[in-house]
Each structure stands twice: as structure tokens, then as C-alpha cells.
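Work through the exercises below with the sequence and the model open. Each task is followed by a solution in steps.

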Amino acid sequence: NIVRIGFFPGSRTGVVKNHIPVINETVSRLKEKIKNAQYYLFARDEIRDAYRDVVPDIKVVFNNDSADKSDMDYAVSVSGTIATEMAILGIPTVVFYKVNRINGFIVKRAIRVKYVSLPNIVLDEEVFPEYLQDMATAENISEKIYEYVNNKTNVGVIKTKLEEFRRKIYQGNTVEIVSGEIHRYLKSKII
């Protein structure tokens, strides 16, 4: 039985280039532990050059290629829209994000939130593990994916929570619900 793992490194050149080394090393670590895995990196045609350092073990899937995100068993994604898409698809995901040190320093001091991905914010719990900045390591990411592959009970709990996320965002007016959840969360963090 093949395990399909999708990587979603972001949509901007600089972000993608920051994430490719982590993804390459993550796949190297996973290959040692999971013998029946296939690795896909979902890429944008507009920034093809950003993917030139992806290792050959990873199939790079551009916008118009045939591999489908929904076919992935597990995902590793940045914290933006794609994490929400993975939650809607019911795919257990590890969220990661690295920015340069200066931006990281500024963001860490300016924004104090419990979670960065919308599924975690809406559910007010860490359903998708979030590894940011120095925690966004191949070791942390590969360990969590390995745990997913080998702990179907935990994956079942995650999928149940993702169903709850889908119910929350699909009832009534999605924009109002999501913006209300974000507002409630941010309001609770204001001193």
C-alpha cells in the first residue's frame, strides 16, 4: 500500500526557496523509515526556477499536471490558504513556515497568537502541528509524518476534528463564521 505525501512550500519565490532545503531533508529522513512512500511537491508554473534544488526523490507537480492534492494521504504545508484546503479535504497535515531571521524577529514581537493556521484558529486547538522558524526542522516534520503513518488511531481523531472544522465553516455564511472566529480569538489575546 503506497503512502502519498504532498508538500506545499508556498506560492512566492523567496518563501519556496526557504522551504526547499527543509523539504529535501524531510524526505531524506522519511525514506529511511517509510519504504512505501511517494513524495509530491505541488508547485506553481510562474516560479519554476524556485524548484530547481528539489531532490529527484520528490515528484514536482506543476499547476497543470495530473497529480491531485486530494489524492495525498498526508501533507506538509505552509500556514496559509493551503492548510485550510488540506483541512477541508480531510488530509492530516503538518504546518511549517520559515522566514528570514530579521522578519522572524519582527513578527515574533509584533504578533502574539496561539496558532497561525486557520483550522487551528477556528477549532482553538492544535489539530495540525505547527512548526515555525527554528522549530520548522526536517527532524520535527518527519517525526510527525512518521507518527501519522504509524498511528491510525491518532489520524482518526484528527480526521474527526477536521469534520468539525468543515461543519463550522460550511454552516451559514462562511466568511462571517471564519471572521468571527478570528475576531473572537484575537480579542481574547488583547491585553
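**Exercise 1.** Leaving aside its neighbours within four places in sequence, which residues is T93 in contact with?

Solution. The model is a predicted one, where local features need pLDDT of at least 70 and side-chain atom pairs count only at pLDDT 80 or more, while totals for chains, interfaces and linings use all residues. Residues are numbered from 1 along each chain as its sequence is written, and side-chain values use heavy atoms, without hydrogens and water.

Step 1. Locate T93: the residue lies in strand 5. Helices (H or I, at least four residues) and strands (E, at least two) are DSSP runs, numbered from the N terminus.

Step 2. List its contacts (heavy atoms within 4.5 Å). Beyond four places in sequence, T93 is in contact with A75, S77, M86, F128, P129 and Y148.

Step 3. Check accessibility. T93 counts as buried because its relative accessibility is 0%. Buried means under 20% relative accessible area, exposed over 50%, and partly exposed in between (1.4 Å probe, protein chains only).

Step 4. Look at the side chain of T93, which reaches the backbone oxygen of I91 at 2.7 Å.

**Exercise 2.** Follow the contact from T93 to S77 and describe the setting of S77.

Solution. Step 1. S77 is found in strand 4.

Step 2. Is S77 buried or exposed? With 0% relative accessibility, S77 counts as buried.

Step 3. Setting aside neighbours within four places in sequence, S77 is in contact with F8, I82, A83, T93, V94, V95 and F96.

**Exercise 3.** Determine which residues of helix 2 are buried and what covers them.

Solution. Step 1. Helix 2 comprises residues 81–89. Its buried residues include I82, A83, T84, M86 and A87.

Step 2. The cover over the buried residues of helix 2 includes strand 1 (3–8), strand 4 (74–77), strand 5 (93–97), helix 4 (118–123) and helix 6.

Step 3. Take P119 as an example from helix 4. P119 counts as buried, at 0% relative accessibility. Not counting residues up to four places away in sequence, P119 touches A83, T84, A87, F128 and F165. P119 and T84 are 35 residues apart in sequence, yet 6.0 Å apart in space, C-alpha to C-alpha.

Step 4. Inspect the residue just after helix 2: G90 takes a positive phi of about 75°.

**Exercise 4.** Test the length of helix 6 and find how its buried residues are arranged.

Solution. Step 1. Helix 6 has 19 residues (152–170) and, at 1.5 Å a residue, should span 27 Å. The expected span is 1.5 Å times one less than the number of residues. The end C-alpha atoms of helix 6 are 26 Å apart, which agrees.

Step 2. V155, I158, L162, F165 and I169 are buried in helix 6.

Step 3. Seen down the axis, the buried residues of helix 6 fall within an arc of 65°, so they line one face of the helix. The arc is that of the directions from the helix axis to the C-beta atoms. An α-helix has 3.6 residues a turn, so residues three or four places apart point the same way.

Step 4. On the other side of helix 6, T153 and R167 are exposed.

**Exercise 5.** Place T13 and R48 relative to each other.

Solution. Step 1. T13 lies in helix 1 (residues 13–33), whereas R48 lies in the loop between strand 2 (37–42) and strand 3 (58–61).

Step 2. T13 is partly exposed at a relative accessible area of 33%, and R48 is partly exposed at 46%.

Step 3. R48 and T13 are 35 residues apart in sequence and 8.9 Å apart in space, C-alpha to C-alpha. Leaving aside neighbours within four places in sequence, T13 is in contact with I47 and A50.

Step 4. The side chains of R48 and D45 are joined by a polar contact of 3.0 Å. Such a contact is a pair of N or O atoms within 3.5 Å; within protein, one must be able to donate a hydrogen and the other to accept it, and residues adjacent in sequence count only if both atoms are side-chain atoms.

**Exercise 6.** Summarise the whole chain.

Solution. Step 1. The protein has seven helices and six strands, in the order β-α-β-β-β-α-β-α-α-β-α-α-α along the sequence.

Step 2. Of its 191 residues, 42% count as buried.

Step 3. Among contacts in the protein with a separation of 6 or more, 66% are between residues 24 or more positions apart.
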